[in-house]
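Work through the exercises below with the model open. Each has a task and a stepwise solution.

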Amino acid sequence: MTEDQTHQTGPTAGPDHEQRWAELADLVLIISREIQFRRYTDERAVHLSQSEGMVMRHLKHDPAATPSRIATATGLQRTNLSTVLRGLEEKGFIERHTHSADGRGVTVHSTEHGRNNTTLVRREWATTLSDAADHDTQHLDAALSLLTAMENGLTRTRPRNRATPPTTET
């Protein structure tokens with residue numbers, strides 16, 4: 001086994017740990033692209049842009065979110081978010097509800113159509129990935145734990161804007 005093929009673990013892993021993290025990043029990007037590239041087998045499933053998908057995923061966990069919370073959670077600029085929300089409204093995937101006495105406060109809610117599409121798309125993704133892995137679930141929980149930790153770390157250290165470097169505070 002060559003030095004590049006060894007797989008050590010832990011923060012002080014051997015000389016190839018940086019290379020393996022880079023390889024993992026490549027694989028995540030490739031897998032993400034492959035998922036997005038495929039057409040859905042269920043004709044009712046509607047393809048969304050990456051930004052639209054991020055908003056719908058956020059609403060799955062925060063069903064009455066303000067635009068500010070959505071922008072913060074997804075990393076979208078408010079001006080871009082307004083465009084995305086308009087598009088999702090036109091598709092019938094979200095509704096905006098006023099919630100303050102002066103009518104300026106708004107919450108965003110998924111419609112039944114939007115929730116159904118999210119369910120269909122997630123089912124398609126699950127089938128696609130399960131088939132690609134030959135239905136092997138042996139390391140699935142470990143992969144989910146690692147990817148969740150990475151997502152949390154990346155979100156926590158996200159730059160406030162593209163010109164600002166990420167924070168490293170914990």
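**Exercise 1.** In this predicted model, find what share of the contacts with a separation of 6 or more joins residues 24 or more positions apart.

*Solution.* Take the contacts in the protein chain with a separation of 6 or more. Keep the pairs 24 or more positions apart; they account for 47%.

**Exercise 2.** List the elements of the protein chain from the N terminus on.

*Solution.* Start with the totals: six helices and two strands. Now put them in order: α-α-α-α-β-β-α-α.

**Exercise 3.** Determine how α1 and α6 are oriented and which residues meet.

*Solution.* Helix α1 spans residues 17-37, and helix α6 spans residues 140-156. Their axes cross at roughly 90 degrees and come within 13 Å. Angles of 65 to 115 degrees count as roughly perpendicular, so α1 and α6 fall in that class. Next, the residues: α1 brings Trp21, Leu24 and Val28, while α6 brings Leu146, Leu147 and Met150. Sort them by type: six nonpolar, no polar and no charged.

**Exercise 4.** Repeat the analysis for α2 and α5.

*Solution.* Helix α2 covers residues 50-61 and helix α5 residues 112-132. The axes lie 11 Å apart, at an angle of about 105 degrees. That angle makes α2 roughly perpendicular to α5. Met56, Arg57 and Lys60 of α2 touch Gly114, Thr118, Arg122 and Trp125 of α5. By type, this contact has two nonpolar, two polar and three charged residues.

**Exercise 5.** State the buried share and the exposed area of the protein chain.

*Solution.* Of the 170 residues, 25% are buried. The chain exposes about 12500 Å². Carbon and sulfur atoms supply 53% of that area.

Terms used: Residues are numbered from 1 along each chain as its sequence is written. This is a predicted model: local features need pLDDT of at least 70, side-chain atom pairs count only at pLDDT 80 or more; totals for chains, interfaces and linings use all residues. Side-chain values use heavy atoms; hydrogens and water are left out. Axes are lines fitted to C-alpha atoms, for helices over the stretch in contact, and angles run from 0 to 180 degrees between N-to-C directions. Helices (H or I, at least four residues) and strands (E, at least two) are DSSP runs, numbered from the N terminus. Angles under 35 degrees count as roughly parallel, over 145 as roughly antiparallel, 65 to 115 as roughly perpendicular and the rest as oblique. Contact means heavy atoms within 4.5 Å. Ala, Val, Leu, Ile, Met, Phe, Trp, Tyr, Cys and Pro count as nonpolar, Asp, Glu, Lys and Arg as charged, and the others, Gly among them, as polar. Buried means under 20% relative accessible area, exposed over 50%, partly exposed in between (1.4 Å probe, protein chains only). Accessible areas come from the Shrake-Rupley method with a 1.4 Å probe; for residues, only the protein chains shown count as cover.
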